[in-house]
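Trainee: Could you walk me through reading contacts, cysteines and charged pairs in a model? Let's bring it up first.

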Amino acid sequence: MAIESQGAIFFWSTTTAASTSTSHAVAEVVGFNGPSGGANVIDVSHLGSTAKEKLIGLRDEGQVTLDVNFRPGTTAQDYLRNCRANRLMRKGVIQLNDNTTEVAKTKIIFDAYVGAFSISGAVDQVVKGSITLEITGACTYATVI
């Protein structure tokens, strides 16, 4: 069964601990993308090879991008901008809406830096924000944190 996006919550921790109790829910997230992981391909071919020989490099969990309605004065959005300015690594948690029981919902947990926080506006639109989180280390998928 498909997981509905509506009801997903993004938490940004005030510490490096994975806990929704020490985290702030980011206000007015309208979409997210990521983790966007991958790995480098390492060519280990040599003169005796009859075809390309390869190894896979370390996994790179990539980035998470959050699209938000820009809301200055909200705790989490302000804190994300502060973390970017001060180069602070914190814990991100994406809680999916895949179960009716809160404690059974899937959580994607990762350490990240705020790489970018940009805003944009246009005629007949609200001011939007785009937050790019650069993941460091591995992501964990769990139901309990």
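Mentor: Start with Ser-49, which sits in the loop between β4 (38–43) and β5 (54–60); strands here are DSSP runs (E, at least two residues), numbered from the N terminus. This is a predicted model, where local features need pLDDT of at least 70 and side-chain atom pairs count only at pLDDT 80 or more, while totals for chains, interfaces and linings use all residues. Residues are numbered from 1 along each chain as its sequence is written, and side-chain values use heavy atoms, with hydrogens and water left out.

Trainee: Is Ser-49 buried or exposed?

Mentor: Buried, at 19% relative accessible area; the cut-offs are under 20% for buried, over 50% for exposed, and partly exposed in between (1.4 Å probe, protein chains only). A polar atom of its side chain lies 2.9 Å from the backbone nitrogen of His-46.

Trainee: How many disulfides are there?

Mentor: In general, a disulfide is a covalent bond between the sulfur atoms of two cysteines. The search, which wants sulfurs within 2.5 Å, finds zero in the whole structure. Cys-83 has its closest cysteine sulfur in Cys-139, 18 Å away, so that is too far for a bond.

Trainee: And how many salt bridges?

Mentor: Side chains of opposite charge can pair when their charged atoms come close. Here the rule is a Lys or Arg side-chain nitrogen within 4 Å of an Asp or Glu carboxyl oxygen, and the whole structure has six. One of them joins Lys-91 and Asp-111 at 2.8 Å, N to O. Lys-91 is in β7 (90–97) and Asp-111 in β8 (107–120), so the pair ties together parts 20 residues apart in sequence.

How values were computed: Helix = DSSP H or I, 4+ residues; strand = E, 2+ residues; numbered from the N terminus. Polar contact = N/O pair within 3.5 Å; in protein donor to acceptor, adjacent residues only side chain to side chain.
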